[in-house]
Amino acid sequence: MAVPLSSFSLSKHPVSNSSSIPASNPSLDPSKASVLRTQNVLGSKANSGGIEQTQLRLCGANLKTNSDLKLQASREPAGVTKELKSDKSERMAGVEHVDLFNEMKQRFLSFKKHKYMKDLEHYEKLAKGQAPKFMVIACADSRVCPSSILGFQPGEAFVVRNVANMVPPYENGPSETNAALEFAVNSLKVENILVIGHSCCGGIRALMSMHDDVEPSSLIGSWVSVGMNARVKTKAAAHLLNFDQQCKHCEKESVNCSLVNLLSYPWVEEKVRNGELNIHGGYYDFVDCSFEKWTLYKENNMKDRSGKVAVKDRAFWF
């Protein structure tokens, strides 16, 4: 959009006074006519010295006026300067935006050449349907990508990511997480559900910062309050630890809370009880690049609504 520039209005001040200059009279001596014209312009009292002084004053005034105009014209209005700088910033941001997508384009073309085309039969099969063995519930944190960390290939894992990798209990009603859970378990027939927590989780930090007697006012607060049981258990078990250590404790406790919540879904509990579905917890520490994994112990009395879970096959990968 064109930026309108402020125009400078230059008023024209006539050199003569309000009386008009009479036309030359041929009967007058030319030299006298010239003097009359000069007197009319500069005033009847002007003499030759006065004329020179007046002319100098006029020249000085013109020089000053011209100098002032040049100075004024060289000054950009503040608003225009600000808008021009803003336009420059927007252009730079646009260039960066294009560069990001150019890089993304190259990554896609590399994927197509080195993976898709080399395993075309596999991808053609995936185009007809999916049958993943895993459902993964992970955090939306950009540093926690299940496919990158655990090497899942296309078609191997049905992945849901949300703030703090939480699973709300069945009685909380529908959400995008449990809608995906229903689809994965009942339609895709996944054999494993893996809930992955991680270090330095902002959602867990928000949960641990909440006040017990204050209702959450933000969308994030309302969502992470799903893990309130994990917070209560952490406060009881780790109250002597500092805040950062409490958060780390809660990051793992929250995974167990989600595992218990999974069992509140009738179709999940039934399949776990029948041995058709396994439920696992995981914790990825990207500070030292280690991974902890455990499996919910499958017993008929394993479902404990107090939040305690029995686990087996705990392993550390580092």
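**Exercise 1. State how many salt bridges a search of the whole structure finds, and examine the pair R107 and E103.**

*Solution.* The search of the whole structure, which is a predicted model, returns 9 salt bridges. In one of them, the side chains of R107 and E103 meet with an N to O distance of 2.8 Å. The next step concerns their positions: both belong to helix 3 and stand 4 residues apart, so about one helical turn separates them. An α-helix has 3.6 residues a turn, so residues three or four places apart point the same way. Finally, R107 is exposed, at 58% relative accessible area, while E103 is partly exposed, at 43%.

**Exercise 2. Determine where the partners of the salt bridge between E292 and K252 lie, and whether each is buried or partly exposed.**

*Solution.* The closest N and O atoms of E292 and K252 are 3.1 Å apart. This pair links distant parts of the chain: E292 lies in strand 5 (residues 290-296) and K252 in helix 10, with their positions 40 residues apart. Buried means under 20% relative accessible area; E292, with 7%, is therefore buried. K252 has 28% relative accessibility and counts as partly exposed. As a last step, R314 is added: K252, E292 and R314 are linked in a network of salt bridges.

**Exercise 3. Identify the side of helix 7 on which its buried residues lie, and what they pack against.**

*Solution.* Helix 7 spans residues 202-209, and its buried residues are G203, I204, L207 and M208. These residues cover an arc of only 135° around the axis, which means that they sit on the same side of helix 7. The buried residues of helix 7 pack against helix 8 (219-224), helix 9 (228-237) and helix 10 (243-262).

**Exercise 4. Describe the nonpolar surface patch that includes L100.**

*Solution.* The patch is formed by L100, F101 and M104, which together have about 310 Å² of accessible area. L100 belongs to helix 3 (residues 78-116). With a relative accessible area of 49%, L100 is partly exposed.

**Exercise 5. Assess the confidence of the model along the protein chain.**

*Solution.* The mean pLDDT of the chain is 79, and 68% of its residues reach 70 or more. Over residues 1-65 the pLDDT is below 50, and beyond near neighbours in sequence this stretch has 22 contacts in the model. Over residues 69-73 the pLDDT is also below 50, with 3 contacts beyond near neighbours in sequence.

Notes: Residues numbered from 1 in each chain as written. Predicted model: local features only at pLDDT ≥ 70, side-chain atom pairs only at ≥ 80, totals over all residues. Heavy atoms only, no water. Buried < 20%, exposed > 50% of the residue type's maximum accessible area, 1.4 Å probe, protein only. Helix = DSSP H or I, 4+ residues; strand = E, 2+ residues; numbered from the N terminus. Arc of directions from axis to C-beta. Contact = heavy atoms within 4.5 Å. Patch = residues over 30% accessible without salt bridge, like charges linked within 9 Å, V, L, I, M, F, W, Y side chains within 5 Å. Areas by Shrake-Rupley, 256 points an atom, 1.4 Å probe, with all protein chains shown as cover. Salt bridge = Lys/Arg side-chain N within 4 Å of Asp/Glu carboxyl O. pLDDT = per-residue confidence, 0-100.
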